[in-house]
Amino acid sequence: MARNSNIEWTHHTFNPWWGCKKVSAACDHCYAELWAKRMGHQLWGADSPRRFFGDSHWREPLTWNEEAGLLGRRYRVFCASMADVFENRADLNSQRLRLWELIDNTPNLDWLLLTKRPQNIARIAPWGARWPANVWLGTSVENQALAEKRLPYLLKNPARVRFLSCEPLLGPLNLQQWFTRRDFHPIDWIIAGGESGGASRPMHPDWVLNLLDQCRAHKVPFHFKQWGQWVPAELAPGTPRVRLLEFTNERSVEMVRLSKKLAGRILEGTTWDGIPHIPLTHA
Ligand code: SF4
């Protein structure tokens, strides 16, 4: 079966519903909202409805699970690209119950629950101190202030894997304390990348290189997803219209605006596709 996602770090994407409300700077150019609008749906904001789906949609992961079982492998399922599983709205509760049941019924799938609302996890997730082994739990952190705010909520959950999505990376991140603290569960995986889309903001190369160094130092798998729309000029020789960009508190750097595809995902001369390998019995 073909994977249904173009995202490099997952095999499939599943959305229990569509719609959300913006919560931080990373949401400014939310591609999910743009995509929903393009499809004719107004689903963003506290007063907008969410879009729910029928039985055939909810059966898809059962098919992926069956195939994974037959092949003797595991598929990663990113949940959700068009919503936030931990958005605090009463009308989502019935859909969430259906999702928890689906997770229970698909033991060959690793469910990657990624949220910008980790403060809601403990109250909304049904698993308390015993999380199912097929859930990986992640939060998005685009800058240091949000890392300080969100990591304490993420890292107290005993999921099998805890991961960070640092995309779009909008500032430097110093995660040292979280790699070494014994009073929290560890960070098991870091994904990083720059922003894509029309109004994308450039990612300073030092921010992502520094994050890579931290991952190397603490032996945490690192996945570099993309430069996004802006790439250091030295990685695109011969490209016209190179711009010297000024960053607050950083050295100025020459960058060039390219398509996401042309900008690519090469960092320090190679691709970074790190993935955690944590036994199923961990959680
Ligand atoms: S949390 Fe995610 S889906 Fe929701 S507005 Fe922000 S970027 Fe979009």
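Guide: Two residues are in contact here if their C-beta atoms, placed from the backbone, lie within 7 Å. The model is predicted.

Visitor: Which residues does V77 touch, not counting those up to four places away in sequence?

Guide: V77 is one of the residues with the most contacts inside the largest nonpolar core. Some of its partners belong to strand β3 (residues 109-115). Leaving out residues up to four places away in sequence, V77 touches T10, H11, H12, F14, P61, W64, L109, D110, W111 and L112.

Visitor: Which strand gives the most to the largest nonpolar core?

Guide: That core has 67 residues, and those with the most contacts inside it include C79, W111, C166 and I190. Five residues of the core come from the strand that gives the most, residues 109-115, which is β3.

Visitor: Which strands stand at the edges of the sheet of seven strands?

Guide: The sheet is open and parallel, with the order β1-β2-β3-β4-β5-β6-β7. Two of its strands each have a single partner strand, so one side of each is left without a neighbour in the sheet. These edge strands are β1 (12-13) and β7 (222-226).

Visitor: What is the bridge partner of L113 in β4?

Guide: β3 and β4 pair in the parallel sense over five bridges. In β4, the bridge partner of L113 is L137.

Visitor: By what angle are neighbouring strands of the three-stranded sheet turned against each other on average?

Guide: This open sheet has antiparallel pairing and the order β8-β10-β9. β8 (230-232) and β9 (243-245) each have a single partner strand, so one side of each lacks a neighbour in the sheet. With direction ignored, neighbouring strands of this sheet are turned against each other on average by 50°.

Visitor: What is the bridge partner of P232 in β10?

Guide: β8 and β10 (residues 253-257) run antiparallel and are joined by three bridges. In β10, P232 has as its bridge partner M255.

Visitor: Over what arc around the axis do the buried residues of α5 lie?

Guide: In helix α5 (residues 144-154), the buried residues are L146, A147, R150, L151 and L154. They are on the same side of α5, because the arc they cover around the axis is only 110°.

Visitor: What covers the buried residues of α5?

Guide: Both strands and a helix are included in the cover. Among the elements are β4 (135-140), β5 (161-166) and α6 (176-180).

Visitor: What is the radius of gyration of the chain?

Guide: The chain has eight helices and 10 strands. The globule rule gives 19 Å for 283 residues, and the chain comes close to that, so it is as compact as a globular protein of that length. Its radius of gyration is 19 Å.

Terms used
Residues are numbered from 1 along each chain as its sequence is written. This is a predicted model: local features need pLDDT of at least 70, side-chain atom pairs count only at pLDDT 80 or more; totals for chains, interfaces and linings use all residues. A residue is buried if 20 or more other C-beta atoms lie within 10 Å of its own, exposed if 12 or fewer, and partly exposed in between; C-beta atoms are placed from the backbone. Helices (H or I, at least four residues) and strands (E, at least two) are DSSP runs, numbered from the N terminus. The arc is that of the directions from the helix axis to the C-beta atoms. The radius of gyration is taken over C-alpha atoms; the globule rule is 2.2 Å times the number of residues to the power 0.38. A nonpolar core is a set of buried Ala, Val, Leu, Ile, Met, Phe, Trp, Tyr and Cys residues joined through C-beta atoms within 7 Å. Two strands pair if DSSP finds at least two bridges between them. Axes are lines fitted to C-alpha atoms, for helices over the stretch in contact, and angles run from 0 to 180 degrees between N-to-C directions.
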